[in-house]
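Here is a walk through one fold, starting at a helix and ending at an odd backbone angle. Keep the viewer open as you read.

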Amino acid sequence: MYEKNFPTKRYNKTLDFVKQHISVGEKILDLGITNPLSKLLQKSGFIVANTTGEDLDVDFSAVQNSNAEVVTAFEIFEHLVTPFSILKEIKANKLVASVPLRLWFSTAYRSKTDLRDRHFHEFEDWQFDWLLEKAGWHIVDKKKWTNPTNKIGIRPILRRFTPRYYIVYAERK
């Protein structure tokens, strides 16, 4: 998946944020298939189960049948047509979720070879906050960070100071 471009900065910032808000003993349901970040969480002592690749726009059984105290969703909601629906169905009382922020100087990401690797949404922070609040979540903490590249050009310069990622810790209202 990340053979040539492992997102070390994003994973480290995400792991630090999770450690700040979630206890190692709490059970986590991570939306999305097993991935390097969920493995990193497990390596750090967290108890993590992943969803199995079902279409989370229409199949909510993973969150409905889970006894996890925490749901995590790292770079998942932008791939869903309607993330509101699954957010409403989550039974856990804690949520840690991150999304890529919409960049005014770049179009939404779309893989030409993988139909599931496309962004239907790229949020502004206020949009993601509103989505969570409408779905019954209270945001306790949030953080943004940049994703600079070592390329030359106008966009790489803009990426040095324009936040790309947004993460929130929320609790059920």
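A residue counts as buried here when its relative accessible area is under 20%, as exposed when it is over 50%, and as partly exposed in between, with a 1.4 Å probe and protein chains only. Helices (H or I, at least four residues) and strands (E, at least two) are DSSP runs, numbered from the N terminus. What you're looking at is a predicted model, where local features need pLDDT of at least 70 and side-chain atom pairs count only at pLDDT 80 or more, while totals for chains, interfaces and linings use all residues. Residues are numbered from 1 along each chain as its sequence is written, and side-chain values use heavy atoms, leaving out hydrogens and water.

Let's begin with helix α2, residues 36–43, where L37, S38 and L41 are buried. Looking down the axis of α2, you'll find its buried residues within an arc of 100° (taken from the directions from the helix axis to the C-beta atoms), so they line one face of the helix. Turn to the face pointing away from that buried side and you meet the exposed residues K39 and K43. And what do the buried residues of α2 pack against? They touch α1 (8–21), β1, β2 (47–50) and β3, with contact meaning heavy atoms within 4.5 Å.

The ends of α2 deserve a glance too. N35 caps the N-terminal end, with a side-chain oxygen 2.9 Å from the backbone nitrogen of L37. Just after the helix, G45 takes a positive phi of about 100°.

Now follow the packing into β3 (70–74), where 5 of its 5 residues are buried. In a regular strand the side chains alternate between the two faces of the sheet. In β3 both faces are covered: V70, T72 and F74 are buried on one side, V71 and A73 on the other.

Strands pair here if DSSP finds at least two bridges between them. β3 has a parallel pairing with β1 (residues 27–30) over 3 bridges, with L29 opposite V71. β3 also pairs in the parallel sense with β4 (residues 94–100), over 5 bridges, and there A73 stands opposite A97. Together β3, α4 and β4 form a right-handed β-α-β unit: with the strands pointing away from you, the path from the first strand over the helix to the second runs clockwise.

That leaves the odd angle. E75 sits in the loop between β3 and α4 (83–89), and has a positive phi of about 60° although it isn't a glycine. Most residues other than glycine have a negative phi. E75 is also buried, at a relative accessible area of 13%.

Definitions and conventions
A polar contact is a pair of N or O atoms within 3.5 Å; within protein, one must be able to donate a hydrogen and the other to accept it, and residues adjacent in sequence count only if both atoms are side-chain atoms.
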